[in-house]
Amino acid sequence: MTDLDPPRPEDFSALLNVISSCRLGVDGRISPAFRLADFPLHFARIIRHPRSRAAIYDRVELQSALRALTSTDESWMNLSDEYGDNPTFDSEFEQELKETFGASVDQAFAGLTELLSRVDNTTLVDATRLPYAGEFGRLFPAFRELTATWLHRSGKQGKAEASESLSAEIINTAVLTEDVRSGYPRDHDWLATSVGSFFELRALARSSEELGLPTTGCPGTGWLNWFGTATSAMTRKLQTTSFIDSPLVTRPERVSTALPGETDPRYGNAVLLVSAFEQQPIDDTSAECMDDAVLRVRRAFSHRRFEHEIAPAIEHLEALVAEFENDADILIRLLGEGVLSSGTGAVDVLADLAANLSDPYPNPILPSLTELPLNGWELRFRFPGIASFGKGSPDVSESTHTADLASMHEPCRIGLPPLIGEFAELLALLPNEVDIDGAMAHLGATGTGWRPILEHLVTDLTAHIWAHEEERHQ
Ligand SMILES: [Zn+2]
């Protein structure tokens, strides 16, 4: 790790985030399912989720954590004292690190570095082989909150009173009340995301044990059934929302695919952002288009489950603007000719875009889908699995989607649940048939009448995963 910059204070926060996002369970205590040796597998589930990969936030955090591990001047005392009542480097973790890697902080950090460097190369395993630990909370925040609230409330009231009325009350306060004290408002977008994540969860694991959830003190019906009850309540609430007649998706006139240019990892996010303009020449763009593109980027990056830091994207934009001084052809090579009308002024637009995204004031209130409908870029960013399904230009009349999709996502129990989650989220997000068909057209598919097909895919793909389980047990 000699090529890393020296650590900064935020690198230590990143290290603590990375460790605690795998190690701490839904109740904020150490998850009994966490074993140090499995750390790379747990973190890989977060970082290699298809929707985490859309931008590079978790990767930046991982790099930052690795930088923190190059520091050798921390002592065990500093590590455990500095971070409040629930230090990540608590005595139990210290003990485990010492036993695994050796007594000094140096040795422990070298060991952790080695573990974290394996995240990209490890083979993902399903929940039967390794139960989820802290990553359950990162991947399913709505259900982490529900579980934590249940544990807190039922613990207070005693198990005998943790009844159905408590269940309904908790669902009301934790996921249906719009005015929550902390976290995201329970708006249409949050509800749709949460509903989608339930279908992913249901396809991923059959038991609460596999999800690493506490087995004592759970609701009488079990966690998964209870999550199902909460999801039905969220779905009912989505169906009563009043804007069903407004278009939530732009009309897919200009269906575009990825930009044609050269790829270069130094500018990857800049290219990603430019495609938010949907192939309009960026040097000829109106202030209004610029504002919409900025808002769409902000909204896409603040997805309720897969949030992305905007800073690495700004860095790439600035790097590209700086490189333009030396290499005037770089924009055409990276972005393709279609996005430049005359070739002049494009670099100013990129600089403006970086400045716009950097400016925290006025803190923009993200527009709802009725105020600014989803365009193709935002859909492709938010639903990468459906976008890759769409690349094969599927037609609504083809009947073999289930078998095709399953064979493309093997092993099915690892590969299919995120795609099922995307289908379910899209269905929950867009109540209107026309919007679903518009979204599918933006994502590359042809024909109309996609809603029932997608509904069947959610059911059939889930059944497909469980059919494998039956085979396994015969
Ligand atoms: Zn299969």
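**Helix 21, its surroundings and the domain arrangement**

In this predicted model, the buried residues of helix 21 are D435, I436, D437, G438, A439, M440, A441 and H442. Helix 21 spans residues 433-442, and because eight of its 10 residues are buried, this helix is largely enclosed by the rest of the structure. The cover over these buried residues includes helix 17 (376-382), helix 18 (384-390), helix 20 and helix 22 (450-473). Beyond the helix, the chain continues to G444, a residue that follows helix 21 and has a positive phi, near 110 degrees.

One of the residues of helix 22 is R451. When neighbours within four places in sequence are left aside, R451 is in contact with L427, E433 and I436, and I436 is itself among the buried residues of helix 21. R451 has 19 C-beta neighbours inside 10 Å and therefore counts as partly exposed, since 20 or more would be required for a buried residue. Between the C-alpha atoms of R451 and R251, which lie 200 residues apart along the chain, the separation is 17 Å.

The largest nonpolar core comprises 95 residues, of which A65, L146, F227, I420, F423, L426 and A439 touch the most other members. The element that gives the most to this core is helix 20 (residues 412-429), with 10 residues. For F423, the contacts beyond four places in sequence are I386, L454, L457 and V458. Another core, lying apart from the one just described, is made up of 29 residues, including V274, A293, L331 and V339.

Two backbone features were noted in the loops that precede helix 20. The peptide bond from E410 to P411 is cis, with omega near -5 degrees, and P411 is placed in the loop between helix 19 (401-408) and helix 20. In the loop between helix 18 and helix 19 lies S393, a residue other than glycine whose phi is nevertheless positive, near 45 degrees. S393 counts as exposed because it has 10 C-beta neighbours inside 10 Å, where the limit for an exposed residue is 12 or fewer.

Helix packing was examined for one pair in detail. Two packed helices are described by the angle between their axes and the distance between the axes. For helix 10 (residues 188-204) and helix 11 (residues 223-239), the angle is about 145 degrees and the axes are 10 Å apart, and the crossing of helix 10 past helix 11 is left-handed. On the side of helix 10 the contact involves H188, L191, A192, S194, V195, F198, L201 and R202, which meet L224, F227, T231, M234, T235, K237 and L238 of helix 11. By residue type, this contact consists of nine nonpolar, four polar and two charged residues. F227, which takes part in the contact from helix 11, is also one of the residues that touch the most other members of the largest nonpolar core.

At the level of the whole chain, the protein is divided into four parts, namely domain 1 (9-117), domain 2 (140-239), domain 3 (268-358) and domain 4 (383-473). The centres of domain 1 and domain 2, taken over C-alpha atoms, are separated by 28 Å. Contact between these two domains involves five residues of domain 1 and seven residues of domain 2, and on the domain 1 side the touching residues divide into two nonpolar, two polar and one charged.

Terms used
Residues numbered from 1 in each chain as written. Predicted model: local features only at pLDDT ≥ 70, side-chain atom pairs only at ≥ 80, totals over all residues. Domains from an automatic or database assignment. Nonpolar A, V, L, I, M, F, W, Y, C, P; charged D, E, K, R; others polar. Core = buried A, V, L, I, M, F, W, Y, C linked by C-beta atoms within 7 Å. Helix = DSSP H or I, 4+ residues; strand = E, 2+ residues; numbered from the N terminus. Axes fitted to C-alpha atoms, helices over the stretch in contact; angles between N-to-C directions. Left-handed = near helix turned anticlockwise from the far one by under 90°.
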